[in-house]
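Trainee: Before we go through the model together, could you put the sequence and the structure side by side for us?

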Amino acid sequence: MGCDGGTIPKRHELVKGPKKVEKVDKNAEMIAKWKYCALSQEKLKRPIVSCELGRLYNKDAIIEYLLDKTAERPNVEAVLHIRGTKDIKELNLTDNPEWEGERRNAKGDRYEDNCGMFICPVAGLEMNGRHRFRYLWTCGCVFSERALKEVKTEICHKCGEPFKEEEMIVVNGTKEEVEILKQKMLERREKAKSKKCKKSKAAKAASAASEAKDAAVKTSQENGESSHPDVAGPSGSSKGAESSTKPATKRSSLKMEGKSEAFKSLFTTHSSAKRTKEQTSNWVTHTPYHF
């Protein structure tokens with residue numbers, strides 16, 4: 001039986017029982033969510049962005065994914081809902097002064113504590129997964145849930161920008177919270193599509209109305225030109241219109257009865273203004289009265 005030497009096997013070594021369900025280490029799962037990118041599995045570093053489902057990514061990894069979606073990546077399922085840069089928000093994070101990062105000595109064995117890189121600017125809680133955090137979609141500022149509950153306001157505590165309760169997104173929430181955020185995301189996208197359709201329809205209607213007005217103006221102009229056939233040159237003004245618009249500039253001294261001869265002599269129609277052939281010049285000038 002292979003038990004030479006007086007070895008006594010135990011029952012669990014001979015009888016195969018049901019396999020035990022492997023439990024995921026909660027601490028390791030927490031560190032993976034809060035300290036590593038959900039797409040590239042690399043350590044989070046600024047700039048850090050988040051999607052509408054509350055997952056954390058490195059901005060460089062998201063841009064690389066958007067530029068080339070055909071490349072093979074380990075966790076593509078986590079970013080399938082991201083269509084462009086409008087679906088992500090860069091987070092405005094507050095650094096943790098106690099986090100040493102890579103400055104501390106890494107030689108030898110040491111305990112990996114769960115110290116967060118960032119903290120809540122109001123309550124001072126570390127952003128390491130032990131406390132619930134939310135961020136505002138309007139400005140990207142991140143706060144702990146405790147701070148938002150204790151100090152209720154509609155203005156951001158950090159930048160002062162107004163926000164609504166619907167614009168707060170849970171960071172690394174539970175499966176149920178992620179499903180709720182997914183439904184809200186789909187509803188927002190459907191509303192945005194309906195608004196775009198309404199705007200396009202309104203723009204088409206406005207363009208059609210403007211085209212109809214232009215056509216009506218053109219037809220009215222054509223009808224007006226046909227009703228006035230006497231056109232004097234390219235300006236399109238008729239002779240009758242020109243004659244009607246011309247003022248009577250010349251005055252005849254003969255019609256000025258009762259006026260003195262001195263007053264009549266001011267006009268060119270007076271007999272004193274007429275010259276004989278001897279007085280006229282042999283060349284033509286602008287005013288033939290100069291000699």
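Trainee: Which residues does Glu-177 touch, not counting residues up to four places away in sequence?
Mentor: Bear in mind that this is a predicted model, in which local features need pLDDT of at least 70 and side-chain atom pairs count only at pLDDT 80 or more, while totals for chains, interfaces and linings use all residues. Residues are numbered from 1 along each chain as its sequence is written, and side-chain values use heavy atoms, with hydrogens and water left out. Glu-177 has its place in helix α5, helices being DSSP runs (H or I, at least four residues) and strands likewise (E, at least two), numbered from the N terminus. With contact taken as heavy atoms within 4.5 Å, the residues that Glu-177 touches beyond those sequence neighbours are Arg-132 and Val-170.

Trainee: What distance separates the C-alpha atoms of Glu-177 and Leu-53?
Mentor: Along the chain, Glu-177 and Leu-53 are 124 residues apart. In space, however, the separation of their C-alpha atoms is 8.6 Å.

Trainee: Val-170 belongs to a strand, so to speak of its partners: which residue of β8 does Arg-134 stand opposite?
Mentor: The open sheet concerned has three strands in the order β7-β6-β8, with antiparallel pairing, where pairing requires that DSSP finds at least two bridges between two strands. Its edge strands are β7 (142–144) and β8 (168–170), each of which pairs on one side only, and neighbouring strands are turned by 35 degrees against each other on average, direction ignored. Three bridges join β6 to β8, and in β8 the residue opposite Arg-134 is Val-170.

Trainee: And what is the bridge partner of Arg-134 in β7?
Mentor: Strand β6 (residues 133–136) pairs with β7 in the antiparallel sense over three bridges. The hairpin of these two strands has five residues between them, and there Gly-140 takes a positive phi near 85 degrees. In β7, the bridge partner of Arg-134 is Phe-143.

Trainee: In the sheet with the order β2-β1-β3, which helix packs on it?
Mentor: This open sheet of three strands has antiparallel pairing, and β2 (56–58) and β3 (88–90) stand at the edges with a single partner strand each, so one side of each is left without a neighbour in the sheet. Neighbouring strands are turned by 40 degrees against each other on average, direction ignored, with axes fitted to C-alpha atoms (for helices over the stretch in contact) and angles running from 0 to 180 degrees between N-to-C directions. Strand β1 (residues 48–51) pairs with β3 over three bridges, Ser-50 having Lys-89 as its bridge partner in β3. The helix that touches β1, β2 and β3, with a direction about 80 degrees from that of β2, is α3 (residues 59–67).

Trainee: Turning to the spaces, what volume does the largest cavity have?
Mentor: On a 1 Å grid over the protein atoms alone, a cavity is a set of points where a 1.4 Å probe fits but cannot get out, a pocket is an open set with protein on both sides within 12 Å along at least five of seven lines, and lining residues have an atom within 4 Å of a point. The largest cavity is lined by Trp-34, Leu-44, Ile-48, Leu-56, Leu-91, Leu-93, Phe-118 and Met-127, which divide into eight nonpolar, no polar and no charged residues. Its volume, meaning the space filled by probe spheres set on grid points joined across faces, edges and corners, is about 30 Å³.

Trainee: Which element gives the most to the lining of the largest pocket?
Mentor: The largest pocket holds about 820 Å³ of space, and of its 28 lining residues the closest to its centre are Glu-29, Lys-33, Asn-172, Gly-173 and Thr-174. Two or more lining residues come from each of α2 (26–35) and α5 (175–227). With six residues, the element that gives the most is α2.

Trainee: How many charged residues are in the lining of the second largest pocket?
Mentor: This pocket has a volume of about 710 Å³, and among its 19 lining residues the closest to its centre are Glu-52, Trp-137, Arg-188, Arg-189 and Ala-192. Domain 1 (26–101 + 113–173) and domain 2 (174–203) both give residues to the lining, so the pocket lies between them; the domain bounds come from an automatic or database assignment. The largest share of the lining, nine residues, comes from α5. Counting Ala, Val, Leu, Ile, Met, Phe, Trp, Tyr, Cys and Pro as nonpolar, Asp, Glu, Lys and Arg as charged, and the others, Gly among them, as polar, the lining has four nonpolar residues, one polar residue and, as the charged count, 14.
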